[in-house]
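Thank you all for making time for this. I would like to walk you through one structure, slowly, for anyone who has not met it before.

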Amino acid sequence: MSTPFVPDEFAVPPGLNTDHFRLEPLGPQHNERDHDAWMSSIEHIRTTPGFPRGKSDWPSAMPLEKNLADLEMHADDFAARQGFTYSVLDGDNVIGCVYLYPAKQDGFDVEAASWVRASHAQLDVVLWEAVSTWLSDVWPFKRVLYAPR
């Protein structure tokens, strides 16, 4: 039997609030705003440390319906405690995304990745720092793989 991603008794954080943005679990309710952030920032995301995450053509353009299916998959992973994806919000505007999934690379518990839309590029390091601290202080992971900024 494999080890669970997070212990059963661990209360998964419902989000994170900072002075610059807030994180909340990504879901279908974010579809249009997430799609807009994604589509407007593909080239920027490709230059973000930790991307393209093993695929040279990722991220790529996708129709709104495919984006919805992707968000539903992430929400299902969240509900099953198999992975945790958070939308990065400034007010009601989606400005990025944070992914927490079991690390595929030996020696790590979790692989974290994040991106911000091109119009908010100045927040990339701020997001990385906030998520790094959050992972260290709140989550049960000991060995985090998260591309430095």
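Let me begin with a question: which residue forms a salt bridge with Asp 124? Before I answer, please keep in mind that what you see is a predicted model. The partner is Arg 149, and the closest N and O atoms of the two residues are 2.8 Å apart. This pair links distant parts of the chain, since Asp 124 belongs to helix H4 and Arg 149 to the segment after S6, 25 residues apart. Asp 124 has a relative accessibility of 10%, and because buried means under 20%, it counts as buried. Arg 149, by contrast, is partly exposed, with a relative accessible area of 27%.

The structure holds 5 salt bridges, and I will take two others in turn. One of them joins Arg 143 to Asp 109, with 2.4 Å between the closest N and O atoms. Arg 143 sits in the loop between helix H4, residues 124-137, and S6, while Asp 109 sits in the loop between S4 and S5, so this pair ties together parts that are 34 residues apart in sequence. Both are partly exposed, Arg 143 with a relative accessible area of 43% and Asp 109 with one of 22%.

The other salt bridge I want to show is between Arg 22 and Glu 24, where the closest N and O atoms are 3.5 Å apart. Here, too, the residues count as partly exposed, Arg 22 at 26% relative accessibility and Glu 24 at 24%.

Arg 22 also brings us to the sheet, as its bridge partner in S3 is Leu 89. The strands concerned, S2 at residues 22-25 and S3 at residues 84-90, pair in the antiparallel sense over 4 bridges. Stepping back, we have an open sheet of 6 strands in the order S1-S2-S3-S4-S5-S6, with mixed pairing. Which strands stand at its edges? They are S1, residues 16-17, and S6, residues 144-146; each has a single partner strand, so one side of each is left without a neighbour in the sheet.

Helix H1 packs on this sheet, touching S3, strand S4 (93-102) and strand S5 (110-116), and its direction makes about 90 degrees with that of S4. Helix H3, residues 64-79, lies across S2, S3 and S4, and runs at about 120 degrees to S3.

Let me stay with H1 a little longer. Its buried residues are Asn 31, Asp 34, His 35, Ala 37 and Trp 38. Seen down the axis of H1, these buried residues fall within an arc of 165 degrees, so they line one face of the helix. They pack against helix H2 (42-46), H3, S4 and S5.

I would like to finish with one residue from that list, His 35, which is placed in helix H1, residues 31-39. Is His 35 buried or exposed? Its relative accessibility is 16%, so it counts as buried. A polar atom of the His 35 side chain lies 2.7 Å from the backbone oxygen of Met 62. If we leave aside neighbours within four places in sequence, His 35 is in contact with His 30, Met 62, Pro 63, Leu 64 and Asn 67, so Met 62 appears in both descriptions of its surroundings.

Definitions and conventions. Residues numbered from 1 in each chain as written. Predicted model: local features only at pLDDT ≥ 70, side-chain atom pairs only at ≥ 80, totals over all residues. Heavy atoms only, no water. Helix = DSSP H or I, 4+ residues; strand = E, 2+ residues; numbered from the N terminus. Buried < 20%, exposed > 50% of the residue type's maximum accessible area, 1.4 Å probe, protein only. Polar contact = N/O pair within 3.5 Å; in protein donor to acceptor, adjacent residues only side chain to side chain. Contact = heavy atoms within 4.5 Å. Pairing = 2+ DSSP bridges. Axes fitted to C-alpha atoms, helices over the stretch in contact; angles between N-to-C directions. Salt bridge = Lys/Arg side-chain N within 4 Å of Asp/Glu carboxyl O. Arc of directions from axis to C-beta.
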